[in-house]
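Reader: I am new to this structure and would like a close look at a single part of it, taken slowly. Please begin with the site around the second ligand, and then lead me outward to the parts of the chains that deserve a careful reading.

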Amino acid sequence: MKIDIILAGVGGQGILSIAAVIGEAALNQGLFMKQSEVHGMSQRGGDVQSNLRISDQAIYSDLIPTGKADLVLALEPMEALRYLSFLSVDGWLVSNSVPYVNIPNYPEEEKLQESISGFQRKVILDVDSIAREAGSVRAANMVLLGAASPFLQLDYSGLEQAVRHIFGRKGETVVELNLKALSMGKAIAEQVLKP
Amino acid sequence: MNKLLLLGDEAVAQAALDAGISGVYAYPGTPSTEITEYIQSSDKAQKENIHRAWSANEKTAMEAAMGMSFAGKRSMVCMKHVGVNVAADPFMNSAISGIVGGLVFVAADDPSMHSSQNEQDSRFYGRFAMIPVLEPSNQQEAYDMAYQAFELSEKLGFPVMLRITTRLAHSRSGVIRREERAQNELHFSDDPRQFVLLPVNARQRYKRLLAAQQDMQAISEASSFNTFLPGKDMSKGIIACGIAYNYLMENFQDGCPYPVLKIGQYPLPKEAVAQLLESCDQLVVLEEGYPLVEEMIGGLLNVGNKVTGRLSGILPRDGELNPDIVAAAFGLKTTKLYEKPEVVMPRPPALCQGCGHRDMYDALNAAIADYGERAKVFGDIGCYTLGYLPPFRALHACLDMGASITMAKGAADAGLEYAVAVIGDSTFTHSGMTSLLDAVYENTPITVIISDNEVAAMTGGQDSPGSGRLEAICAGLGVEPEHIRSLLPLKKNHDEMVRVIKEEINYPGVSVIIPRRACIHTLKRKKTASNEN
Ligand SMILES: Cc1ncc(C[n+]2csc(CCOP(=O)(O)OP(=O)(O)O)c2C)c(N)n1
Ligand code: SF4
């Protein structure tokens with residue numbers, strides 16, 4: 001078993017909290033993992049990514065080779081497209097649909113949609129609205145993670161357990177909120193996957 | 001023991017704690033910062049009062065670590081690669097004096113310049129100082145090497161360099177810890193001359209360093225960090241240094257057909273290299289950074305071009321390695337199914353909305369708008385360097401920490417009418433104070449703007465040792481009190497700021513303007529942290 005994930009977003013959006021949950025779930029299942037992060041300059045509103053690799057065999061490279069990623073998981077649609085070249089033949093794109101516009105030359109909505117719709121294996125969802133429905137926009141990351149869960153080859157209960165552990169010290173309400181967000185994201189992906 | 005999930009930086013920090021350090025000395029700098037931050041947040045460090053406060057710069061850090069070693073205790077110094085330049089004086093001399101308590105010098109290099117102004121390779125410094133260098137390929141090795149480096153340092157009596165790079169520093173993986181060791185007792189050198197590097201002593205110490213080269217070589221030859229993996233295909237022999245080994249093996253998941261010498265410890269194991277060179281048609285050297293090993297083995301002429309790598313051109317001369325680049329060096333194909341769509345625009349970093357540096361640049365740009373080419377702004381290193389980018393386009397230079405003030409001075413000496421320096425508070429105390437003294441000494445007509453946000457923001461909001469003292473420092477250095485002007489950088493104060501900057505740039509002497517407002521990003525982060533506790 002091996003799964004290579006590219007997490008993408010804009011500095012400050014918090015892609016690393018998604019990596020933390022997946023990473024903990026993977027370790028609890030006794031798997032190997034490597035996760036490279038971007039710290040430093042780019043965190044000031046620039047594009048950021050994290051390479052997350054999970055396997056039942058030892059992992060060598062901290063970086064995923066071109067054309068080998070199983071999943072691009074993005075909190076921002078243009079950032080999702082930035083890493084398309086890393087996707088493998090059966091790779092999936094799971095992304096937030098809402099643009100984060102902090103540059104003057106951000107592409108027009110239509111052109112962006114066009115680019116995304118040209119790609120087949122994808123789950124695109126408005127994570128903020130869904131999170132709001134779940135109780136708070138702050139759970140947006142967990143909505144996205146939920147939408148990615150069918151592709152992760154990890155037990156869903158393991159993800160839930162990691163959410164419980166990681167958000168545990170913030171109290172039971174926060175845990176429940178994030179679990180709900182997770183399951184709402186999952187439901188949407190399952191809808192897309194239905195034959 | 002359970003595996004800990006640690007960044008490379010954190011693995012180094014945990015190893016140092018387990019190896020019984022009494023102090024870490026460091027100035028922040030990507031990708032080294034998280035080493036010290038890990039120790040700062042460790043319970044053990046707090047309980048045992050292990051030194052962990054930030055130093056003013058890398059040189060003071062190295063010197064303090066030498067003081068701790070002088071007193072018999074183990075210390076670690078951490079910095080980014082360009083910090084090694086700042087620490088170079090004590091660093092080079094520490095190899096002459098040698099150490100008492102184990103001293104590990106961590107240099108974190110940044111190939112591809114993710115957050116730096118160059119990609120210099122610290123292994124050259126290790127070789128220059130003639131001390132052992134350890135270079136891990138993964139987080140577990142980072143832990144093991146850091147742990148063992150203290151023993152090695154004490155055994156040899158010299159500092160040991162641990163060289164890491166961004167990718168390892170900022171990547172997480174499982175790490176198994178070793179036994180915790182107690183701190184050293186206070187004790188001193190038997191030789192009262194050891195640390196007194198008068199020429200008469202230094203000559204003796206240098207001979208000792210030269211004599212020790214043989215031991216260092218022998219230890220490298222036998223080191224478990226230098227390993228040979230046999231291969232059947234002798235058309236190529238591979239030398240893979242540090243993290244480059246991972247990119248090699250990523251491409252040969254079922255085992256590498258060629259013999260591989262994995263290098264983790266320098267000086268280079270001569271015998272192993274010679275054997276590989278003899279038995280193979282061609283050597284491929286994979287190293288992250290400059291072509292140090294390739295050049296050492298190939299020599300100036302590399303007759304017959306037997307040694308290949310970044311210099312020969314099978315790998316790019318600059319930039320970070322990755323699995324794709326290494327694949328190409330072996331003629332292996334990568335499958336790229338999709339291109340990055342054209343709609344994807346670069347998203348460069350920018351100053352946060354509401355940042356005080358923005359108000360400072362708006363005012364500065366307005367104040368010098370009429371002067372055209374007669375005014376130049378010398379920048380420095382920190383978040384405010386982003387003032388070079390649109391919409392501000394405010395900077396004409398940025399060289400190294402502290403250079404804003406001294407470059408402005410030199411340009412003023414050359415006849416530039418309006419020479420303005422923009423520097424951050426942490427950078428000012430790092431190495432701007434001596435620059436300012438040079439200007440005061442000659443009363444050079446420059447205007448220095450210390451854009452004070454009370455932290456080192458670019459590297460994550462570390463404390464700035466000059467906080468609350470900047471005016472006093474400038475006055476103490478001899479800047480006239482009426483030309484030290486404090487401002488509150490807010491939109492509503494724009495006109496006043498423009499007026500003050502105009503006044504001071506027209507004053508034919510040294511003036512310092514201090515716009516002061518806390519970094520809002522750091523404030524936000526602290527608020528979230530305190531809400532969670
Ligand atoms: C010699 C050296 N050491 C460390 C660094 C890393 N570094 C870059 S910016 C910075 C902090 C700057 O803080 P400050 O001057 O207060 O500016 P701010 O980022 O807060 O605006 C540091 C430590 C460096 N580039 N060079
Ligand atoms: S981190 Fe602080 S200093 Fe840096 S751009 Fe943001 S607000 Fe300004």
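Author: The residues that surround ligand 2 are R44(A), L351(B), C352(B), C355(B), H357(B), C383(B), N453(B), A457(B), C519(B), I520(B) and H521(B). Because chains A and B both supply residues around ligand 2, the site is shared between these chains. Sorted by class, the shell holds seven nonpolar residues, three polar ones and one charged residue, and the space that ligand 2 takes up is the largest cavity. All of this should be read with the reminder that the model is a predicted one.

From this shared site we can turn to chain A, and to a residue there that also meets chain B. S85(A) sits in the loop between α2 (77–82) and β5 of chain A, and with a relative accessibility of 10% it counts as buried, because buried means under 20%. Apart from neighbours within four places in sequence, S85(A) is in contact with T66(A) and G67(A), and also with K336(B) and Y338(B). One of these partners, T66(A), is 19 residues away from S85(A) in sequence, while the C-alpha atoms of the two are 6.3 Å apart in space.

The strand β5, which spans residues 87–96 of chain A, contains G91(A). Is G91(A) buried or exposed? It is buried, and its relative accessible area is 0%. When residues up to four places away in sequence are not counted, G91(A) touches A69(A), D70(A), F119(A) and R121(A). Measuring from C-alpha to C-alpha in the model, one finds G91(A) and G67(A) 8.8 Å apart, with their positions 24 residues apart in sequence.

Further along chain A comes helix α7, which covers residues 172–193 and so deserves a look as a whole. This helix of 22 residues reaches 31 Å from its first C-alpha to its last, which is close to the 32 Å expected at 1.5 Å a residue. Its buried residues are V175(A), L177(A), N178(A), L179(A), A181(A), L182(A), M184(A), G185(A) and A189(A). In reading such a list it helps to know that an α-helix has 3.6 residues a turn, so residues three or four places apart point the same way. The buried residues of α7(A) pack against β6 (122–125), α4 (127–134), α5 (140–148) and α6 (156–167) of chain A.One member of that list, V175(A), lies in helix α7 of chain A and counts as buried at 3% relative accessibility. Leaving aside neighbours within four places in sequence, V175(A) is in contact with V163(A), R164(A), F167(A) and G168(A). By contrast with these contacts, K122(A) lies 53 residues from V175(A) in sequence and 28 Å from it in space, C-alpha to C-alpha. The loop between α6 and α7 of chain A holds R169(A), and this residue is exposed, with a relative accessible area of 60%.

Chain B, finally, offers some points of backbone geometry. As a background, most residues other than glycine have a negative phi, and most peptide bonds are trans. Y266(B) and P267(B) are joined by a cis peptide bond, with omega about 10°, and P267(B) is placed in the loop between β11 (265–266) and α12 (270–279) of chain B. A cis bond also leads from P390(B) to P391(B), with omega near 5°, and P391(B) belongs to the loop between β14 (375–378) and α16 (403–413) of chain B.

Two residues of chain B show a positive phi although neither is a glycine: for M113(B) the angle is about 50°, and for M130(B) it is about 65°. M113(B) is in the loop between β4 (103–109) and α7 (123–129) of chain B, where it is partly exposed, with a relative accessible area of 37%. M130(B) is found in the loop between α7 and β5 (133–134) of chain B.

Methods. Residues are numbered from 1 along each chain as its sequence is written. Chains are lettered from A and ligands numbered from 1 in the order in which they are written. This is a predicted model: local features need pLDDT of at least 70, side-chain atom pairs count only at pLDDT 80 or more; totals for chains, interfaces and linings use all residues. Side-chain values use heavy atoms; hydrogens and water are left out. A residue is near a molecule or strand if one of its heavy atoms lies within 4 Å of it. On a 1 Å grid over the protein atoms alone, a cavity is a set of points where a 1.4 Å probe fits but cannot get out, and a pocket is an open set with protein on both sides within 12 Å along at least five of seven lines; lining residues have an atom within 4 Å of a point. A molecule sits in a cavity or pocket if more than half of its atoms lie within 2 Å of its grid points. Ala, Val, Leu, Ile, Met, Phe, Trp, Tyr, Cys and Pro count as nonpolar, Asp, Glu, Lys and Arg as charged, and the others, Gly among them, as polar. Helices (H or I, at least four residues) and strands (E, at least two) are DSSP runs, numbered from the N terminus. The expected span of a helix is 1.5 Å times one less than its number of residues. Buried means under 20% relative accessible area, exposed over 50%, partly exposed in between (1.4 Å probe, protein chains only). Contact means heavy atoms within 4.5 Å.
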